[in-house]
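Me: I would like to go through this fold label by label. For each term, tell me what earns it.

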Amino acid sequence: GSASAWLKKLLDKGHVIADFSVRKERIQNIVTTAAEACGGQAMIDPDLLDEVTSLVEWPVAITGSFEQKFLELPAEVLIASMQDHQKYFPVSEKGGHKLLNQFITVTNIESRMPDQITRGNERVIRPRLTDAEFFWRRDRSQPFSALREKLKGVVFQKQLGTLADKTER
């Protein structure tokens, strides 16, 4: 009916939080609350928060978990897999940086069966972390000096030489 009623109509009838800053604050709050409910604290990367805010219109937090064995990998490997590949928010111990085997994802719908969404996301993260584990173990199977030798075959920049040359500089 009028431009002034547009945001309220979208919110009430369309389940769309049109204001980016309002949606962003809601996502931060629901992710934080979900992480606290599972005994941890959410690791909220500002860039990921912006990206997720741009992807959803009606944010709903879902908590998932993965096998404890993956916590043997470096935290950076797990965080990269969760944040970069899956757009998940990792969960760490309260007041610490030790990761828990849980994550928070933000969906775009209030499902009548959130357990199915949780199971689906847990099914998706397992192969990602299995791949990360494989590559981590493979990379560690040879000495660092052997990896450095391979840099001689990778051009950094035509006039500046290889990555090995850059490393030496």
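**The sheet and its helices**

Reply: Start with the sheet, bearing in mind that the model is predicted. Four strands make up an open sheet, ordered β1-β3-β4-β2, with antiparallel pairing. β1 and β2 (60-65) stand at the edges with a single partner strand each, so one side of each has no neighbour in the sheet. Neighbouring strands are turned by 35° against each other on average, direction ignored.

Me: What makes β1 and β3 a pair?

Reply: Two strands pair if DSSP finds at least two bridges between them. Three bridges join β1 (residues 40-42) to β3, so the definition is met. The two strands run antiparallel. Within this pairing, A42 stands opposite V91, and Q41 has S92 as its bridge partner.

Me: How do you know that β3 and β4 pair?

Reply: By the bridge count again: three bridges link β3 and β4, in the antiparallel sense. The definition asks for at least two, so they pair. P90 stands opposite F103 of β4. Five residues lie between the strands of this hairpin, where G95 takes a positive phi near 70°.

Me: Why is β3 called mostly covered?

Reply: Four of its five residues are buried. Buried means under 20% relative accessible area, so those four fall below that cut-off.

Me: Which helices lie on the strands?

Reply: α2 packs on the sheet and touches β1, β2, β3 and β4. Its direction makes about 160° with that of β1. Helix α5 (residues 114-140) lies across β2 and β4, and runs at about 50° to β2.

Me: Which residues of helix α3 are buried, and why do they line one face?

Reply: The buried residues of α3 (residues 46-55) are L48, L49, V52 and T53. Seen down the helix axis, they fall within an arc of 135°, so they line one face.

Me: What covers the buried residues of α3?

Reply: The cover includes α2 (20-37), α4 (75-86), β3 (89-93) and β4 (99-107). Contact means heavy atoms within 4.5 Å.

Me: What does the face of α3 turned away from the buried side carry?

Reply: That face carries the exposed residues P46, D47, S54 and L55. Exposed means over 50% relative accessible area, so these four are above that cut-off.

Me: What makes the link at the start of α3 a polar contact?

Reply: A side-chain oxygen of D45 comes to within 3.1 Å of the backbone nitrogen of D47. The limit for a pair of N or O atoms is 3.5 Å, so the distance qualifies.

Notes. Residues are numbered from 1 along each chain as its sequence is written. This is a predicted model: local features need pLDDT of at least 70, side-chain atom pairs count only at pLDDT 80 or more; totals for chains, interfaces and linings use all residues. Side-chain values use heavy atoms; hydrogens and water are left out. Buried means under 20% relative accessible area, exposed over 50%, partly exposed in between (1.4 Å probe, protein chains only). The arc is that of the directions from the helix axis to the C-beta atoms. A polar contact is a pair of N or O atoms within 3.5 Å; within protein, one must be able to donate a hydrogen and the other to accept it, and residues adjacent in sequence count only if both atoms are side-chain atoms. Axes are lines fitted to C-alpha atoms, for helices over the stretch in contact, and angles run from 0 to 180 degrees between N-to-C directions.
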